[in-house]
Amino acid sequence: MTEPQKTIHQSISVEGNGLHTGQTGTLIFHPAPVNHGIKFRRTDLASKPIIDANIDFVVSTARGTTLGKNEVSISTIEHVLAALTGLGIDNVLIDLDVEEIPIMDGSSQHFVQALLKAGIKVQDAPKNYLVITETIIHEIPSKMIKIMIEPADSFSVTVEIDYETQVLGKQTAQLNHLAEFEKEIAPCRTFVFLHELEFLLQNNLIKGGDLSNAIVFINRQVNQQELDRLAKVFNKPTVKVKENGILNNLQLHFENEPARHKLLDVIGDLTLLGKPIKGKITAFRPGHQTNTEFARIIKHTLKV
Ligand SMILES: [Zn+2]
């Protein structure tokens with residue numbers, strides 16, 4: 001049986017700060033008709049430009065995935081897109097009054113909750129699937145990166161990460177069916193290593209970070225002076241490093257939360273193909289650049 005397309009029953013908003021810009025913004029999900037797809041609209045600009053959530057409009061994958069069209073951009077789109085795909089929503093118009101999607105807690109959780117509150121509406125047209133008819137592989141051996149998709153009757157994703165650090169180690173995560181997304185994947189937060197965080201802070205590339213929207217892994221010895229400096233940057237009286245190398249006593253939602261978050265990012269980035277996928281994905285050390293390159297290869301190979 002073919003699944004019907006889905007939208008939401010009513011408009012609903014989510015407010016928060018952008019991770020990289022620090023700007024407060026409001027995002028509003030609106031219901032949309034069948035075959036509309038997912039589109040973003042910048043309501044703060046006079047012409048209210050619309051950009052389709054499509055791989056053709058990806059302009060950067062440096063820190064999150066950014067769409068752009070005629071000098072207008074919308075950044076950090078991946079966690080919102082994962083929430084929509086994870087809930088099987090095909091058609092929605094997303095208004096945004098700033099350049100960057102709010103980071104919230106660094107996961108898809110807040111978007112999922114808002115969309116469920118708005119209510120998922122079944123529409124009067126079948127889903128238009130992207131059916132994978134052949135195995136497609138994208139591999140970058142020098143970076144030990146590999147992502148592949150194989151023909152399958154449903155959508156599934158397996159992710160393995162290994163950054164060769166003691167603190168994180170090798171992890172795998174698996175999604176066997178989209179129905180697992182809400183509970184198993186949506187709450188999984190983004191993460192960063194201390195050395196990356198320091199680079200971002202020094203270059204003013206992270207302004208909305210407050211230690212509640214990313215898991216920070218400390219992969220080297222840090223002294224009290226450095227911890228005091230971090231505490232000051234994050235406006236906290238003190239910060240600590242737990243035995244497991246995680247900053248500030250943060251509790252992981254799952255032991256393999258980082259691998260699950262990378263899986264969430266794969267789902268978000270592949271949403272840019274514009275159709276729900278029937279295929280089995282396996283990814284080793286994926287990232288936004290790899291994911292979007294892979295989406296382009298799938299699009300080109302299958303002439304989507
Ligand atoms: Zn992410």
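Student: Leaving aside neighbours within four places in sequence, which residues is leucine 115 in contact with?

Tutor: In this predicted model, leucine 115 is in contact with Ile8, Phe29, Ala83, Leu87 and Ile89, once its neighbours within four places in sequence are set aside. Leu115 is also named, with Ala83 and Leu263, among the residues that have the most contacts inside the largest nonpolar core, which has 57 residues. Helix 6 gives the largest share of this core, 6 residues, and a second, separate core of 12 residues includes Leu168, Phe217, Val239 and Leu247.

Student: What makes threonine 76 buried?

Tutor: Threonine 76 has 23 other C-beta atoms within 10 Å, and a residue is called buried when that count is 20 or more, so threonine 76 is buried. This residue is found in the loop between strand 8 (72–74) and helix 1 (78–86), and its phi is positive, about 55°, although threonine 76 is not a glycine.

Student: Why is arginine 285 called partly exposed?

Tutor: Arginine 285 has 17 C-beta neighbours inside 10 Å; buried requires 20 or more and exposed 12 or fewer, and because 17 falls in between, arginine 285 counts as partly exposed. Arginine 285 lies in the loop between strand 18 (277–284) and helix 7 (288–302), and its phi, near 50°, is a positive value in a residue other than glycine.

Student: How do you know that helix 1 is largely enclosed by the rest of the structure?

Tutor: The conclusion rests on a count: 9 of the 9 residues of helix 1 are buried, so helix 1 is largely enclosed. The buried residues of helix 1 are covered by elements that include strand 4 (38–42), strand 9 (92–96), helix 2 (109–118), helix 3 (181–185), helix 6 (257–270) and helix 7. Helix 1 is followed by glycine 88, whose phi is positive, near 75°.

Student: What makes helix 1 oblique to helix 2?

Tutor: Helix 1 and helix 2 pack at an angle of about 45°, with their axes 8 Å apart. Angles under 35 degrees would be roughly parallel, and 65 to 115 roughly perpendicular; the angle here belongs to neither range, so helix 1 is oblique to helix 2. The crossing of the two helices is right-handed, and the contact is made by His79, Val80, Ala83 and Gly86 of helix 1 with Phe111, Val112 and Leu115 of helix 2. These contact residues divide into 5 nonpolar, 2 polar and no charged.

Student: Why are helix 1 and helix 6 described as roughly perpendicular?

Tutor: Their packing angle is about 85°, with the axes 7 Å apart, and because the range for roughly perpendicular runs from 65 to 115 degrees, helix 1 and helix 6 are therefore placed in that class. Glu78, His79, Leu81, Ala82, Thr85 and Gly86 in helix 1 meet Leu264, Asp265, Ile267, Gly268 and Asp269 in helix 6, and the residues of this contact divide into 4 nonpolar, 4 polar and 3 charged.

Student: At what angle do helix 6 and helix 7 pack, and how far apart are their axes?

Tutor: Helix 6 and helix 7 pack at an angle of about 35°, with their axes 9 Å apart, and helix 6 passes helix 7 in a right-handed crossing. Asp265, Val266, Asp269 and Leu270 in helix 6 meet His288, Asn291, Thr292 and Ala295 in helix 7, and by class this contact has 3 nonpolar, 3 polar and 2 charged residues.

Key:
Residues are numbered from 1 along each chain as its sequence is written. This is a predicted model: local features need pLDDT of at least 70, side-chain atom pairs count only at pLDDT 80 or more; totals for chains, interfaces and linings use all residues. Helices (H or I, at least four residues) and strands (E, at least two) are DSSP runs, numbered from the N terminus. Two residues are in contact if their C-beta atoms, placed from the backbone, lie within 7 Å. A nonpolar core is a set of buried Ala, Val, Leu, Ile, Met, Phe, Trp, Tyr and Cys residues joined through C-beta atoms within 7 Å. Axes are lines fitted to C-alpha atoms, for helices over the stretch in contact, and angles run from 0 to 180 degrees between N-to-C directions. Angles under 35 degrees count as roughly parallel, over 145 as roughly antiparallel, 65 to 115 as roughly perpendicular and the rest as oblique. A crossing is left-handed if the near helix is turned anticlockwise from the far one by less than a right angle, and right-handed if clockwise. Ala, Val, Leu, Ile, Met, Phe, Trp, Tyr, Cys and Pro count as nonpolar, Asp, Glu, Lys and Arg as charged, and the others, Gly among them, as polar.
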